[in-house]
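Visitor: Could you take me through one part of this model up close? I'd like to see how the aromatic rings sit together.

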Amino acid sequence: MSAITEAPRLAEEWHLDLHGDGPRRDEAVAQLHALLLRAARFEVARRRSSLPQLGAAELDELAQEAAADAAVSVLRRLDDFRGESRFTTWAYKFALLEASVKVRRRAWRGRELTLDPDAWGQFEHPAPGPEATAERAALLAAVQEGIRTALTPRQRRVLVALAVDGVPIDVLAERLGSNRNALYKTLHDARRRLRRHLEDGDHLGGPA
């Protein structure tokens, strides 16, 4: 291959070598890791305010871990790349996701999650005032009743943790020994049940 055609390939098509083996693949993997590490460092730096207790070395270690995990994900899903965007843009997102997940998990490390399925009572009635109408108070009471009676304990636990306590879904998945997709489904089912409960009580209109 001539030098004239080699340069564009290295700039735009180096990722094709990830499908092969030998030295060219090793070089492509090294380029991939460098790309993902830049992305991970960017994301960790953007979110560093949530980890004030960590120094530069610890933050960089977090970025290194994120880049390594992102590389594994990219290599495992190479066949998913359809060329609808630049490969670097597609791969970059894996590193951003891994870095954001690791930052959130580190920020919540050591923080206790009660995960009380009966913590639905944290939904408080609004204080009296112009906005605290009787209709809103009745709706909130119906929401509380629906959380207590219409949801399973696991649905209540997940809904309260995510919607009330603000626990990141990846952190909750780790604590419950579950995964994001399973928790998204639990949350979806909980919301659907709660909405049906409210509609049955004429608190909402429209289809479930």
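**The aromatic cluster**

Guide: Let's start with W90, which counts as buried because its relative accessibility is 15%, below the 20% cut-off. Keep in mind that this is a predicted model. F81 is buried too, at a relative accessible area of 18%. W90 and F81 belong to one aromatic cluster, together with W14, F87 and F94.

Now for the pairs themselves. Searching the whole structure turns up 5 aromatic pairs. One of them joins W14 and F87: the ring centres are 5.6 Å apart and the planes meet at 85 degrees, an edge-to-face arrangement. That pair ties together distant parts of the chain, since W14 sits in the loop between helix 1 (3-12) and helix 2, while F87 is in helix 4, 73 residues away. Both W14 and F87 are buried. F81 and W90 pair up another way: their ring centres lie 5.4 Å apart with the planes at 45 degrees, so this pair is tilted.

While we're at helix 4 (87-108), have a look at its other contacts. The buried residues of helix 2 pack against helix 4 and also against helix 3 (56-76). Among those buried residues of helix 2 are L32, L35, L36 and E43.

Helix 4 also gives the largest share of the lining of the largest pocket, 5 residues. That pocket has a volume of about 270 Å³, and its lining includes L97, E98, V101, K102 and R105. By type, the lining residues are 3 nonpolar, 3 polar and 6 charged.

Definitions and conventions:
Residues are numbered from 1 along each chain as its sequence is written. This is a predicted model: local features need pLDDT of at least 70, side-chain atom pairs count only at pLDDT 80 or more; totals for chains, interfaces and linings use all residues. Side-chain values use heavy atoms; hydrogens and water are left out. Buried means under 20% relative accessible area, exposed over 50%, partly exposed in between (1.4 Å probe, protein chains only). Helices (H or I, at least four residues) and strands (E, at least two) are DSSP runs, numbered from the N terminus. Contact means heavy atoms within 4.5 Å. On a 1 Å grid over the protein atoms alone, a cavity is a set of points where a 1.4 Å probe fits but cannot get out, and a pocket is an open set with protein on both sides within 12 Å along at least five of seven lines; lining residues have an atom within 4 Å of a point. Grid points are joined across faces, edges and corners, and a volume is the space filled by probe spheres set on the points. Ala, Val, Leu, Ile, Met, Phe, Trp, Tyr, Cys and Pro count as nonpolar, Asp, Glu, Lys and Arg as charged, and the others, Gly among them, as polar. Rings of Phe, Tyr and Trp (its six-membered ring) pair if their centres lie within 6.5 Å; planes under 30 degrees apart count as stacked, over 60 as edge-to-face and the rest as tilted.
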